[in-house]
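Q: Please give a close account of a single helix of this model and of the residues that link it to the rest of the chain. I would like the side-chain pairs, the exposure of the residues involved and the relevant record annotation treated together.

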Amino acid sequence: MAPAAASGGSSLPSGFSVFATFPDLLFIFEFDATYHCVAALFYLSASVLEALATIMMYEGFTYKHYHENISAVVFAYVATLLYVVHAVFSLIRWKSS
């Protein structure tokens, strides 16, 4: 028996029929571009909060803990940068398809 995709039949909605049911709405968030943009936004907000926490803890904590948090901030911004780059390339690939 041939697969459904080879037989020409398509069970995936297209156009505005994507918004017809709740499961179809959830399918929108599975696109590469949307996921990576949202993930980049979350990483950016987490790295900003980590930097703020590091600034606020300068006094009252040991020198070692302060330097560990500085390292965490640097790596958080590196992860954010990588997610943003990946999101940009995902958007470029999405627009070209």
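A: A search of the whole structure, which is a predicted model, finds one salt bridge. Its partners are Glu 68 and Lys 64, whose closest N and O atoms are 3.9 Å apart. That distance meets the criterion because a salt bridge requires a side-chain nitrogen of Lys or Arg within 4 Å of a carboxyl oxygen of Asp or Glu. Both residues belong to helix H3, where a spacing of four residues corresponds to about one turn of the helix. Their exposure falls into two classes: Glu 68 is partly exposed, at 41% relative accessible area, while Lys 64 is exposed, at 58%. The class boundary explains the two labels, because exposed means over 50% relative accessible area and buried means under 20%, with partly exposed in between.

Helix H3 is therefore taken here as the part to examine, as it holds both partners of the salt bridge. It spans residues 63-96. The protein as a whole contains three helices and zero strands, and from the N terminus the order of elements is α-α-α.

The beginning of helix H3 can be related to helix H2, which covers residues 32-56. His 65 is a member of helix H3 and is partly exposed, with a relative accessible area of 39%. Between His 65 and Thr 54 there are 9.3 Å from C-alpha to C-alpha, at a sequence separation of eleven residues. Thr 54 itself is part of helix H2. With a relative accessibility of 5%, Thr 54 is buried. When its neighbours within four places in sequence are set aside, Thr 54 has contacts with Tyr 66, Asn 69, Ile 70 and Val 73.

Further along the chain, an aromatic pair provides another link between helix H2 and helix H3. The count of such pairs comes to one. Tyr 43 and Tyr 83 make up this pair, with 4.6 Å between the ring centres and 20 degrees between the planes, and the arrangement is stacked. The pair joins distant parts of the chain: Tyr 43 lies in helix H2 and Tyr 83 in helix H3, 40 residues apart. The label "stacked" applies because planes under 30 degrees apart are counted in that class. Tyr 43 is partly exposed, at 35% relative accessible area. Tyr 83 also counts as partly exposed, at 22%.

A further relation across the chain involves Ala 39 and Val 84, which are 45 residues apart in sequence and have C-alpha atoms 8.5 Å apart. Ala 39 is located in helix H2, and its relative accessible area of 10% places it among the buried residues. Val 84 takes part in a nonpolar surface patch of about 540 Å², together with Leu 81, Val 85, Val 88, Phe 89 and Ile 92. Leu 81, one of these residues, lies in helix H3 and is exposed, with a relative accessible area of 53%.

The record adds an annotation to this region. An unreviewed UniProt entry assigns the feature "transmembrane region" to residues 12-31, 38-58 and 70-92. Over residues 70-92, the chain in this model is 100% helix and 0% strand, with 33 Å between the end C-alpha atoms.

The totals for the protein set these details in context. Of its 97 residues, 15% count as buried. Its exposed surface comes to about 7800 Å², of which carbon and sulfur atoms supply 73%. Among contacts with a separation of 6 or more, 54% are accounted for by residues 24 or more positions apart. In summary, helix H3 contains the salt bridge between Glu 68 and Lys 64, and Tyr 83 of helix H3 pairs with Tyr 43 of helix H2.

Notes:
Residues numbered from 1 in each chain as written. Predicted model: local features only at pLDDT ≥ 70, side-chain atom pairs only at ≥ 80, totals over all residues. Heavy atoms only, no water. Helix = DSSP H or I, 4+ residues; strand = E, 2+ residues; numbered from the N terminus. Buried < 20%, exposed > 50% of the residue type's maximum accessible area, 1.4 Å probe, protein only. Contact = heavy atoms within 4.5 Å. Areas by Shrake-Rupley, 256 points an atom, 1.4 Å probe, with all protein chains shown as cover. Phe/Tyr/Trp six-rings, centres within 6.5 Å; stacked < 30°, edge-to-face > 60°. Patch = residues over 30% accessible without salt bridge, like charges linked within 9 Å, V, L, I, M, F, W, Y side chains within 5 Å. UniProt positions renumbered as here; feature names shortened; annotations may be inferred.
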